[in-house]
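Thanks for coming. I will keep this short and go through a few packing details, and you can follow along on the screen.

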Amino acid sequence: MPLPRLTPGDRLEQRRHGGRTCAQALQERFAQLRPTPVTARKVGFTTKIKKMSQEVTQCLTYVNYGMLTLFGYFRDYLRKSGLETTHSAIERKKMKDFVPLYQSFESFVTRNIYMRIRDCGNRPICSVPSAEFDVLEMVSDDGNWHLRLTGKSRRCVNVASYNYLGFAENTGPCADAAAKALQQYGAGVCSTRQELGHYSIHEELEQTTARFLGVEDAVTFGMGFATNSMNIPALMGGKGCLILSDEKNHASLVLGARLCSTVIKVFKHNDMEDVERKLREAIIHGQPRTHRAWRKILIIVEGIYSMEASIIKLPDLIRLKKKYGAYLYLDEAHSIGALGQTGRGVTEYWGVDPRDVDIMMGTFTKSFAAAGGYIGGSKRLINYLRAYSHSTTYACSMAAPVAQQVISSMKIIMGEDGTNRGQLRIKQLAANTKYFRQRLVEMGFIVYGNDDSPIVPVIICMPAKIAAFSRELHQQNVGVPVVGFPATRLMESRARFCLSAAHTREMLDKVLDAISDVGDRLQLKYSLNPTTKAASAEECYKQVDSLAHEE
Amino acid sequence: MGDGGTTYSGVNPNAVWLNSRGIWLSYVIAVTILHLILLSIPFLNVAQAWTLTNVVHNIGNYIFLHMLKGTPWETNWDQGKSRLLTHWEQIDFGEQFTTTRKFLFLAPVILFILASFYTKYDPLHFVFNLSTMLLVLIPKLPQLHGVRIFGINKY
């Protein structure tokens with residue numbers, strides 16, 4: 001990575017940081033965290049064949065989509081001419097001269113592609129989603145238009161739930177504490193935060209959250225999605241503000257940004273040079289027509305992106321934010337509890353002071369196995385949000401047993417319950433992540449994302465293979481979510497595995513064997529250069545074992 | 001899978017899927033396969049096969065890019081703005097002179113040149129080739145972005 005040219009601002013920083021610019025310090029940090037480089041091999045004949053096979057796979061993916069489209073048109077024709085029963089909603093015959101209610105082209109994908117593979121998603125489960133769960137069987141007599149339960153269930157390994165630290169349990173200290181809170185406070189709250197919905201347990205929850213994150217204060221909300229969509233409008237409500245949002249941001253962030261009357265600019269995913277370019281353009285040119293200065297600029301990013309599993313380049317972003325005077329909104333939905341030595345999230349992972357992030361948002365749904373979200377920051381910010389957030393004004397606050405679940409799990413992670421169970425869970429998750437990713441890469445799958453993120457997307461290019469992968473793994477008792485176009489890019493349909501501290505190594509081995517078997521049969525092992533880092537995963541497991549024996 | 005084909009993050013996939021990796025190669029291969037199929041039909045000579053390739057390609061191009069409007073999936077995020085736009089108008093969110101648009105503009109031109117060569121500049125074939133090429137090139141001009149002549153295909 002070449003060093004950037006030293007600008008006058010950098011020279012000032014150099015004097016401040018004792019002879020090293022921020023960029024140089026960052027370089028050293030990056031060098032520590034970069035994985036060991038792949039040794040360059042001469043491109044031999046087999047590699048050339050493999051490269052060609054990648055091109056062939058791409059062409060065949062387009063052929064696959066083309067065939068699905070052609071067959072879709074064919075089936076539509078059959079339905080129109082009456083040779084096949086139409087299961088979807090249709091206009092009544094006597095309304096044919098009126099303006100049509102439905103535009104049938106818009107439901108083309110739903111009718112002809114989604115319905116055929118609908119049984120791969122929305123599978124009902126009937127147990128707690130811990131390391132294993134019971135999935136109810138569904139069958140269909142008319143090509144997935146109507147699915148019915150058979151009453152039987154199948155016990156599968158759960159690589160689908162966002163259960164990063166394994167707190168999704170119905171026994172244990174968290175569940176007992178939640179039951180006690182239910183006895184004390186009841187199930188519901190029946191009021192908004194600003195009226196009568198502010199309980200002592202909410203106070204305790206917010207103080208614990210602030211302590212956990214290392215910020216001055218925190219405010220919590222009952223729904224994770226609503227935390228974003230209700231609070232970004234409260235923060236960026238006025239005219240003359242600018243939002244810089246990553247292109248792969250979650251729907252809640254996009255909705256929150258759109259609900260304000262601000263200008264939104266989108267930058268390339270995790271591309272700090274693009275952020276800098278857009279910041280400079282914004283500051284130099286000012287507001288669109290009047291060219292006045294922007295009142296404030298907010299950069300909205302996530303800690304771990306759930307579809308890409310990439311980790312945001314936080315130190316670089318903080319340097320840019322400080323240099324250009326913008327604010328930073330960090331959505332740690334997937335990274336809180338899952339990254340860092342003590343589970344404090346992406347700020348601990350990079351070694352960044354959490355007070356540098358202006359607005360730290362996160363959810364309790366993933367690592368804490370509860371529901372709801374929080375925003376942490378300075379006392380001024382939190383007092384403002386307590387007064388002006390749409391959620392505290394109109395939405396009911398978090399239910400007491402849910403809040404208690406968060407408090408108990410946070411205390412376990414912080415070690416405040418007197419044991420090292422929290423530390424054990426964090427280390428187990430880290431070991432599982434390293435092992436799973438390393439084994440998948442060795443097998444030859446294309447795995448996206450950062451090596452430390454517990455979300456593992458495996459690329460399945462072709463749409464038909466999405467369904468086959470999901471169904472085959474379901475037969476082998478592994479529950480995995482798959483997602484394809486148009487939710488992802490055309491070529492990047494993927495299966496997404498979510499690892500958990502509740503998974504033992506034997507479970508992961510079983511899952512990996514099933515994946516390898518299905519991958520061989522479906523020819524999903526597209527990767528050109530499987531690298532091996534054999535030592536690291538074993539070390540992590542040894543650490544976990546030693547920690548477990550300390551107990 | 002996503003619920004019924006809708007996307008998150010609010011990007012219309014129709015605007016970007018033609019920028020995917022390998023789409024140009026696949027396009028060329030698809031036209032080549034079409035041509036080979038037409039060449040294998042016994043009663044067509046080479047000139048007729050080339051003209052038919054050109055004409056079929058242009059008609060397909062016109063139908064999918066300029067006749068079908070909207071998207072085959074639900075667009076919940078843009079309040080129906082793309083329902084009245086053809087696929088060509090949706091590419092790259094309406095930005096003109098992008099690489100994809102240049103490629104799709106050149107493809108009928110190259111096919112026309114090849115077809116003219118292989119039909120030995122015969123007048124009757126020329127009429128068919130030129131008319132279908134104009135049919136497919138004129139709607140791609142930036143001046144005709146959003147224009148509906150005589151109200152055809154407006155809603």
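I will cover one annotated span, one sheet and two helix pairs. Keep in mind throughout that this is a predicted model.

Let me start with the annotation on chain A. An unreviewed UniProt entry lists residues 156–515 of chain A as "domain: Aminotransferase class I/classII large". That label comes from the record. As for the geometry, the C-alpha atoms at the two ends of residues 156–515 of chain A are 14 Å apart. In secondary structure, the span is 43% helix and 15% strand.

Next, the sheet. In chain A there is an open sheet of 3 strands, in the order β1-β2-β11, and its pairing is mixed. Which strands stand at the edges? They are β1 (132–140) and β11 (478–479) of chain A; each has a single partner strand, so one side of each has no neighbour in the sheet. Strand β2 of chain A, residues 147–158, pairs with β11(A) in the parallel sense, over 2 bridges. If you want a residue to click on, take A:N158, whose bridge partner in β11(A) is A:G479.

There is also a helix on this sheet. Helix α16 of chain A, residues 463–475, lies across β1, β2 and β11 of chain A. Relative to β2(A), helix α16 runs at about 75 degrees.

Now the first helix pair, still in chain A. Helix α15 (residues 421–443) and helix α17 (residues 505–522) of chain A have axes 11 Å apart and pack at an angle of about 20 degrees. Angles under 35 degrees count as roughly parallel, and therefore α15(A) is roughly parallel to α17(A). Their crossing is right-handed. From α15(A), the contact residues are A:N432, A:Y435, A:F436, A:R439, A:L440 and A:M443. On the α17(A) side they include A:R505, A:L508, A:D509 and A:D513. By class, the residues of this contact are 8 nonpolar, 2 polar and 4 charged.

The second pair is in chain B. How do helix α2 (residues 23–40) and helix α5 (residues 99–118) of chain B cross? Their axes come within 12 Å and cross at roughly 20 degrees, so α2(B) and α5(B) are roughly parallel to each other. This crossing is right-handed. Helix α2(B) contributes B:W24, B:Y27 and B:V31, while α5(B) contributes B:T99, B:F103, B:L104, B:A107 and B:L111. The contact of α2(B) with α5(B) has 7 nonpolar residues, 1 polar residue and no charged ones.

That is what I have; questions are welcome.

Key
Residues are numbered from 1 along each chain as its sequence is written. Chains are lettered from A and ligands numbered from 1 in the order in which they are written. This is a predicted model: local features need pLDDT of at least 70, side-chain atom pairs count only at pLDDT 80 or more; totals for chains, interfaces and linings use all residues. Side-chain values use heavy atoms; hydrogens and water are left out. Axes are lines fitted to C-alpha atoms, for helices over the stretch in contact, and angles run from 0 to 180 degrees between N-to-C directions. Helices (H or I, at least four residues) and strands (E, at least two) are DSSP runs, numbered from the N terminus. Angles under 35 degrees count as roughly parallel, over 145 as roughly antiparallel, 65 to 115 as roughly perpendicular and the rest as oblique. A crossing is left-handed if the near helix is turned anticlockwise from the far one by less than a right angle, and right-handed if clockwise. Contact means heavy atoms within 4.5 Å. Ala, Val, Leu, Ile, Met, Phe, Trp, Tyr, Cys and Pro count as nonpolar, Asp, Glu, Lys and Arg as charged, and the others, Gly among them, as polar. UniProt positions are given in the numbering used here, feature names are shortened, and annotations may be inferred rather than shown by experiment. Two strands pair if DSSP finds at least two bridges between them.
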